[in-house]
Amino acid sequence: LTNCDAIHPGYGFLSENPEFSSICNENNISFIGPDANIINTMGHKSLAKQTMKSAGVPVIPGSEGIVDTVEDGKIIANDIGYPIIIKAAFGGGGRGMRVVESESKFENAYNSAQSESKISFNNGEVYIEKYFNSPRHIEIQILADSKGNTISLGERECSIQRRHQKIIEESPSIAVNDALRYKMSDMAIKIAKSVNYIGVGTIEFLLDKNNDFYFMEMNTRVQVEHPVTEMVTS
């Protein structure tokens with residue numbers, strides 16, 4: 001018996017585990033973060049994308065949901081146009097992701113992404129998105145309380161990556177001016193409020209050469225990159 005009344009799960013995989021959040025709730029322990037329903041909705045990347053599309057948020061062109069077969073995937077990829085990227089629905093850390101340049105390479109990439117996703121996340125579901133060459137990866141840090149208040153803590157630029165793993169994070173981004181920062185922050189707040197988000201979270205956007213941005217995913221936890229934001233907001 002610890003007599004604790006709250007648990008902060010840190011920034012590992014436990015922090016995005018809806019079952020753990022539910023267990024805390026069932027035992028009258030406050031889970032410092034979003035509830036299980038939000039984690040399920042926004043932690044599942046394909047479902048999150050569908051939810052955001054319904055809320056009027058610009059999303060990257062791609063499959064409407066999970067792609068169950070190679071044959072279905074090829075049809076979707078041809079409709080979108082190559083190159084495309086296959087992503088693990090419950091992915092993270094660059095695992096379960098494969099860029100595909102042509103239909104002849106699709107089947108191997110699909111099977112490889114699905115297998116890696118199953119091993120890494122115990123879930124082999126994958127979906128497809130259009131792949132943009134040389135985009136910028138901009139993430140907005142948000143903070144929301146249980147009273148309906150949500151704020152943006154600005155952006156982090158994480159475009160320098162290797163094998164879909166972020167190498168360098170910097171803030172503010174040299175590609176984001178004040179007007180664009182306001183638009184992206186406003187959209188991030190809209191996204192968080194649309195699912196009644198509570199806690200610290202990160203909205204990730206893809207920014208193209210025309211300064212158009214698209215929702216990629218939401219991390220329903222504090223990320224390891226949080227010190228970068230703390231340095232520029234403290």
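Start with the whole molecule in a surface view: the accessible surface of the protein comes to about 12100 Å², and 50% of that belongs to carbon and sulfur atoms. Keep in mind as you go that this is a predicted model.

**The overall view**

Switch to a cartoon and turn the protein along its principal axes, where the C-alpha atoms fill a box of roughly 60 × 45 × 30 Å. A compact globule of 234 residues would have a radius of gyration near 17 Å, and the protein, at 18 Å, agrees with that. Coloured by secondary structure, the cartoon shows seven helices and 11 strands. Now colour by burial: 44% of the 234 residues are buried. If you draw the contacts between residues at least 6 apart in sequence, 58% of them join residues at least 24 apart.

**Stop 1: a three-stranded sheet**

Select residues 84–88, which form strand β3, and residues 126–130, which form strand β5. The two pair in the antiparallel sense over five bridges. To see the register, pick out two facing pairs: Ala88 stands opposite Val126, and Ile85 stands opposite Glu129.

Next, add β4, residues 97–100. You now have an open sheet of three strands in the order β4-β3-β5, with antiparallel pairing. Both β4 and β5 stand at the edges with a single partner strand each, so one side of each has no neighbour in the sheet. Look along the sheet for its twist, which averages 20 degrees from one strand to the next.

Is β5, at its edge position, enclosed or open to the outside? Four of its five residues are buried, so β5 is largely enclosed by the rest of the structure.

**Stop 2: Lys49**

Select Lys49, whose place is in helix α3, residues 45–54. Buried or exposed? Its relative accessible area is 6%; under 20% counts as buried, so Lys49 is buried. Show its contacts, leaving aside neighbours within four places in sequence, and you will find Val59, Ile60, Pro61, Gly62, Ser63, Ile128, Glu129 and Phe215. Glu129, which is among these contacts, is the residue you saw opposite Ile85 at the previous stop.

**Stop 3: the largest nonpolar core**

In soluble globular proteins, nonpolar side chains tend to be buried together. Here the largest nonpolar core has 25 residues, and Met42, Ile191, Phe205 and Phe215 touch the most other members. Colour the elements that each supply at least two residues of this core: α2 (36–43), α3, β6, α6 (178–194), β10 (199–207) and β11 (213–219). The largest share, six residues, comes from α6.

Centre on Ile191 and display what it touches beyond four places in sequence: Met42, Met52, Val57, Ile203, Phe205 and Phe215. Apart from this core lies another, of 12 residues, with Val70, Ile86, Phe106 and Val126 among them. Val126 is the residue facing Ala88 in the sheet of the first stop.

**Stop 4: Ile140**

Finish at Ile140 in strand β6, residues 136–144. Ile140 counts as buried because its relative accessibility is 0%. Which residues surround it, apart from neighbours within four places in sequence? Ile140 is in contact with Ser152, Gly154, Glu155, Met184, Ser185, Ala188, Gly201, Thr202, Ile203 and Phe205. Two of these, Ile203 and Phe205, also touch Ile191.

For a last distance label, connect the C-alpha atoms of Ile140 and Gly10: these residues are 130 apart along the chain, and the atoms are separated by 19 Å.

Technical notes
Residues numbered from 1 in each chain as written. Predicted model: local features only at pLDDT ≥ 70, side-chain atom pairs only at ≥ 80, totals over all residues. Heavy atoms only, no water. Buried < 20%, exposed > 50% of the residue type's maximum accessible area, 1.4 Å probe, protein only. Contact = heavy atoms within 4.5 Å. Pairing = 2+ DSSP bridges. Axes fitted to C-alpha atoms, helices over the stretch in contact; angles between N-to-C directions. Rg over C-alpha atoms; globule rule 2.2 N^0.38 Å. Areas by Shrake-Rupley, 256 points an atom, 1.4 Å probe, with all protein chains shown as cover. Core = buried A, V, L, I, M, F, W, Y, C linked by side-chain atoms within 4.5 Å.
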